[in-house]
Amino acid sequence: MPAGGPGRLAEARAAAAALAERLGLPPGDPVDFWTEAALFSAAGCDVLVYGPGSIDQAHTAGEYVPLADLVEAATRYRAILS
């Protein structure tokens, strides 16, 4: 939940969608895992969670990230920071 409570949820989703479109990132579906981003959001910060790989492989015995995903993420990180 974004900082500001449920009343700000639609606004935050619209802003996230606009940012994703501007950066050429496909919007993702809601996920069923926790990150520290929730703490930043609770503190009033807008938060973007983005990274390479699939949550289906993350934190498993056979965890892996395809090299192509790492290359794409590095390219996207540069775009986000510029």
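# Briefing: a predicted helical chain and its pocket

His59 sits in the loop between H2 and H3. That loop is a handy place to start, as several of the points below come back to it. Please keep in mind that this is a predicted model. The chain holds 3 helices and 0 strands, and its mean pLDDT is 82. Its largest pocket has a volume of about 2000 Å³, and a search of the whole structure turns up 1 aromatic pair.

**Overall build**

- Following the sequence from start to end, you will meet the pattern α-α-α.
- The helices are H1 (9-23), H2 (37-42) and H3 (67-81).
- The C-alpha trace of the chain spans about 40 × 30 × 20 Å along its principal axes.
- The chain has 82 residues, and 12% of them count as buried.

**Confidence**

- A pLDDT of 70 or more is reached by 90% of the residues, and the mean for the chain is 82.
- Among the elements of the chain, the highest mean pLDDT belongs to H3, at 91, and the lowest to H1, at 81.

**The largest pocket**

- With a volume of about 2000 Å³, the largest pocket is lined by 43 residues.
- If you want to find its centre on screen, look for Asp29, Val31, Val47, Leu48 and Val49, the lining residues that lie nearest to it.
- H1, H2 and H3 each supply at least two residues of this lining.
- The biggest share comes from H1, which gives 8 residues to the lining.
- Sorted by class, the lining of the largest pocket contains 29 nonpolar residues, along with 7 polar and 7 charged ones.

**The aromatic pair**

- The whole structure yields 1 aromatic pair, and its partners are Tyr50 and Tyr77.
- The arrangement of Tyr50 and Tyr77 is edge-to-face, with 5.8 Å from centre to centre and 85 degrees between the planes. It earns that label because the angle is over 60 degrees.
- This pair links distant parts of the chain: Tyr50 belongs to the loop between H2 and H3, Tyr77 belongs to helix H3, and the two are 27 residues apart.
- Tyr50 has a relative accessibility of 28%, so it counts as partly exposed.
- Tyr77 is partly exposed too, and its relative accessible area is 34%.

**The salt bridge in H3**

- The count of salt bridges comes to 1.
- Here the side chains of Arg76 and Glu72 meet, with a distance of 3.4 Å from N to O. The pair qualifies because that distance is within 4 Å.
- Both Arg76 and Glu72 are in helix H3, and they are 4 residues apart, which is about one turn of the helix.
- Glu72 has a relative accessible area of 37%, so it is partly exposed.

**His59 and its backbone**

- Which sign does phi take at His59? The value is positive, near 60 degrees, and His59 is a residue other than glycine.
- For context, most residues other than glycine have a negative phi.
- Is His59 buried or exposed? With a relative accessibility of 71%, His59 counts as exposed, because the cut-off for that class is over 50%.

**Distances across the chain**

- Arg8 lies in the segment before H1, and it is partly exposed at a relative accessible area of 22%.
- From Arg8 to Ala79 the sequence separation is 71 residues, and their C-alpha atoms are 27 Å apart.
- Ala18 is part of helix H1 and is partly exposed, with 39% relative accessible area.
- Between Ala18 and Ser54 there are 23 Å in space, C-alpha to C-alpha, for a separation of 36 residues in sequence.
- Val65 falls in the loop between H2 and H3, and its relative accessible area of 35% makes it partly exposed.
- Val65 and Ile55 are 10 residues apart along the chain, and 9.9 Å separates their C-alpha atoms.

Methods:
Residues numbered from 1 in each chain as written. Predicted model: local features only at pLDDT ≥ 70, side-chain atom pairs only at ≥ 80, totals over all residues. Heavy atoms only, no water. 1 Å grid on protein atoms, 1.4 Å probe; cavity = no way out; pocket = protein on both sides within 12 Å on 5 of 7 lines; lining within 4 Å. Points joined across faces, edges and corners; volume = space filled by probe spheres on them. Nonpolar A, V, L, I, M, F, W, Y, C, P; charged D, E, K, R; others polar. Phe/Tyr/Trp six-rings, centres within 6.5 Å; stacked < 30°, edge-to-face > 60°. Buried < 20%, exposed > 50% of the residue type's maximum accessible area, 1.4 Å probe, protein only. pLDDT = per-residue confidence, 0-100.
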